[in-house]
Amino acid sequence: MATDNMQLEITKIDQSRINSVDWDNLPFGKVFSDHMLIMDYKDGAWQKPSIEPFENLSLTPATSVLHYGQTIFEGMKAYKNKEGEVFLFRPKQNAKRFNQSATRMCMPEIPEDVFVDFIKTLVDIDRMWIPEKEGYSMYIRPFMIATDPYVGIRPSSTYKFMIFTCPVGSYYTEPVRVKIETEYTRAAHGGTGAAKAGGNYAASLYPAKLAQEQGYQQLIWTDAQEHKYIEEAGTMNVVFQIGNRIITPKSSDTILDGVTRKSVIEIARDWGYEIEERKVTVEEIITAIKNNELVDAFGAGTAATIAPIQTINFEGVDYELPEVSSRDFSNKVLEYLNLYKHGKTEDKFNWIVKF
Ligand code: COI
C-alpha cells in the first residue's frame, strides 16, 4: 500500500464554534468539534489526506455506500487532565480492528501508525474541545465509506476515510435495563458480527426498538443458532461476576473484540481475579441471579465505558441485580480506568499515548 503520499494538508477554520457549546449539557454524539480529516482512495492508492473545517459532504445519490452499506467505523476517546495534557487509550487496538473490519468488508487498509498519527494530529488541532470535567471526554469517530457512483453490486473501487470528533458526556446516564433477545439475531457464524460494519448496527435497530418500547435500553444478543449463549449488547460487550470469577463471552466471529472488554480482563487478571472467557449460557446467568450468586454485571465499551446492568429481562421476567453501590469489581475497575485514561496512575500496561 502506498504511504508516501500521507503528508497532511491542514486548513483551519476561520472562526471556531467552541463558544457556542453548552459544556454543562453535552449529549452524546450531537456536538462536533471544528475540524475533520479526509482521505480518499482511488486508482488503488490512498490520496493526499487533509484536515479541514467540519462541514457537510456532497455525494451523488448513486454513491454505493448509500445503497449497500459498505461502511466501517471505529470509536475511541481522548481525555485531558488539568495540566492540558491529552491522552489516547490504546489507539493501536482501534487501528488494528479497523483494518480487520476493512478486510471483511473488501475495503483498503490504512497502516496502523498512519491511522494513529492522523488521530493525534486531528485531536491536537481541536484539543480545546476535549472536556476536562469528570465523566467527559472527546469521542473520536474514524470511518470509511464506499464512494463509487455505481448501482450494481461489487466492492467499490473508491473510498472516503474520515475522522471527526465530538466532546461527549455519558452514553448511558443511569444503570441499564437490558432484555435477553431470543428471537432476533445480531450476528451468525460466517457473517460480519466481529467487524464494526454499519449494517450490524442498522440490523439491530428494529429489535432494539421493540425492547425500548418495553422499557429496556439495550438487548443482550444470544447466538443465532440456539439462542442459548450470551454474545454482546451491540453498544458494548458484557461481563458478569459470580463469586470471585469474572465471566465474559469469548470473542468470536459473532462478537466484537472490544478494547474496553479486553482491558477489563487484563486488569482483573492483574488484580488476581479468576477470568473465564468462554461460552456463557443464558441459563447459568439466570440461575446465578436466582441463587443470589451474581454479584456484578456490566457492559464494557468505549462509548458506554463501564455501564452497570440493573435489570435483566428474560422470557418476560425482570430479574433485579444487586445494588450498583454494592458492586466492588465494576466500581473499582471504572475508577481505575478513569484514572488510567487521564494519566493519573502509572501506565502499567503501556496503553497510553500522551501529547
Ligand atoms: C463505541 O463504543 O465506540 C461504539 O462504537 C458504540 C457505538 C454504537 C456508540
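What share of the contacts in the protein with a separation of 6 or more comes from residues 24 or more positions apart? In this predicted model, such residues account for 71% of those contacts. The secondary structure of the protein comprises 7 helices and 20 strands.

The overall dimensions were examined next. The C-alpha trace extends over about 60 × 50 × 35 Å along the principal axes of the protein. For a chain of 355 residues, a compact globule would be expected to have a radius of gyration near 20 Å, and the value of 21 Å computed for the protein therefore agrees with that expectation. Of the 355 residues, 52% count as buried, while the exposed surface of the protein amounts to about 16200 Å², of which carbon and sulfur atoms supply 48%. With regard to charge, the protein carries 39 positive and 49 negative side chains, and the centres of these two sets lie 1 Å apart.

Helix 5, formed by residues 259-270, was considered in further detail. At 1.5 Å a residue, its 12 residues should span 16 Å, and because the C-alpha atoms at its ends are 17 Å apart, the helix agrees with this expectation. Since 9 of the 12 residues of helix 5 are buried, that is, under 20% relative accessible area, the helix is largely enclosed by the rest of the structure. The buried residues of helix 5 include Val-259, Val-264, Ile-265, Ile-267 and Ala-268, and Arg-261 and Lys-262 are also among them, as are Thr-260 and Ser-263. Just after helix 5, Gly-272 adopts a positive phi of about 95°.

Terms used. Residues are numbered from 1 along each chain as its sequence is written. This is a predicted model: local features need pLDDT of at least 70, side-chain atom pairs count only at pLDDT 80 or more; totals for chains, interfaces and linings use all residues. Side-chain values use heavy atoms; hydrogens and water are left out. Helices (H or I, at least four residues) and strands (E, at least two) are DSSP runs, numbered from the N terminus. The radius of gyration is taken over C-alpha atoms; the globule rule is 2.2 Å times the number of residues to the power 0.38. Buried means under 20% relative accessible area, exposed over 50%, partly exposed in between (1.4 Å probe, protein chains only). Contact means heavy atoms within 4.5 Å. Accessible areas come from the Shrake-Rupley method with a 1.4 Å probe; for residues, only the protein chains shown count as cover. Lys and Arg count as positive and Asp and Glu as negative; His and the chain ends are not counted. The place of a charge is taken as NZ of Lys, CZ of Arg, CG of Asp or CD of Glu. The expected span of a helix is 1.5 Å times one less than its number of residues.
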